[in-house]
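The exercises below are to be worked with the sequence and the coordinates open side by side. Each task is followed by a solution that proceeds step by step.

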Amino acid sequence: MRYNFLALHSNLGNLSNMWTCPQCKRTFRNTNQAHSCKQVDKESFFLRRPAHLKKLYDIIKEKVNGLGEFREEAVLPDVIFFKTKSTFLAIKVKKAWLDIEFFLDHLEDVHPVKKYLQTSKRRFVHLVSIDDEKEIDHQLMDWISHSYKLIKSS
Ligand SMILES: [Zn+2]
């Protein structure tokens with residue numbers, strides 16, 4: 001599968017070299033990186049999608065709000081990044097489900113983890129797909145919380 005998350009964030013070791021655009025606050029590897037400051041409206045991702053996907057998204061966001069500060073960044077075609085220093089959570093709005101991607105410092109090769117990939121010695125990106133509110137359970141939120149702390153302390 002294609003990992004947009006990794007394509008955009010594979011170079012995790014160079015965070016201190018990241019440049020933040022003063023206009024749109026997006027971060028880039030290269031100073032004065034050419035880009036459009038126009039932000040994509042994440043709401044557009046939920047058009048022509050089952051209504052419950054937005055509800056699931058809102059539930060996760062509400063819970064993530066409890067972790068502390070972060071910012072959202074919507075990127076075409078379908079991904080919303082949740083960032084502190086860098087991305088700790090990515091939510092992709094698919095046709096009938098959400099793909100949730102987050103980092104752990106160890107591998108959790110257990111249900112409901114669908115895919116995972118080691119990105120550095122102590123960094124593993126995990127993917128969980130959800131299409132029902134009950135899948136936003138204690139374990140998933142524990143993992144997301146772990147990812148938040150991991151990225152914030154990196
Ligand atoms: Zn900009």
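Two strands are taken to pair if DSSP finds at least two bridges between them, where strands (E, at least two residues) and helices (H or I, at least four residues) are DSSP runs numbered from the N terminus. The model is a predicted one, in which local features need pLDDT of at least 70 and side-chain atom pairs count only at pLDDT 80 or more, while totals for chains, interfaces and linings use all residues. Residues are numbered from 1 along each chain as its sequence is written.

**Exercise 1.** List the elements of the chain in order from the N terminus.

*Solution.* Begin with the inventory, which holds three helices and eight strands. Read from the N terminus on, these elements follow one another as α-β-β-α-β-β-β-β-β-β-α.

**Exercise 2.** Trace the pairing of β4 with β3 and then with β5, naming a bridge partner for E72 and a residue opposite V79.

*Solution.* Start with β3 (residues 71–75) and β4 (residues 79–83), which run antiparallel and are joined by five bridges; here E72 has F82 in β4 as its bridge partner, and a hairpin of three residues links β3 to β4. Next, take β4 with β5 (residues 87–93), a pair that is again antiparallel with five bridges, in which V79 stands opposite K92 of β5. A hairpin leads from β4 to β5, also through three residues.

**Exercise 3.** Establish the strand order of the open sheet of six strands, and explain why β3 and β7 each have one side without a neighbour.

*Solution.* The order across the open sheet is β3-β4-β5-β6-β8-β7, with antiparallel pairing. Because β3 and β7 (115–120) stand at the edges and each has a single partner strand, one side of each is left without a neighbour in the sheet. From one strand to the next the twist averages 20°, with axes being lines fitted to C-alpha atoms (for helices over the stretch in contact) and angles running from 0 to 180 degrees between N-to-C directions. At the β7 edge, five bridges join β7 to β8 (residues 123–130) in the antiparallel sense, and L117 stands opposite V125 in β8.

**Exercise 4.** Determine which strands α2 and α3 lie across.

*Solution.* Contact between two residues requires that their C-beta atoms, placed from the backbone, lie within 7 Å. Helix α2 (residues 51–65) lies across β4, β5, β6 (98–104) and β8, and runs at about 170° to β5. Helix α3 (residues 138–152), in turn, lies across β5, β6 and β8, running at about 50° to β6.
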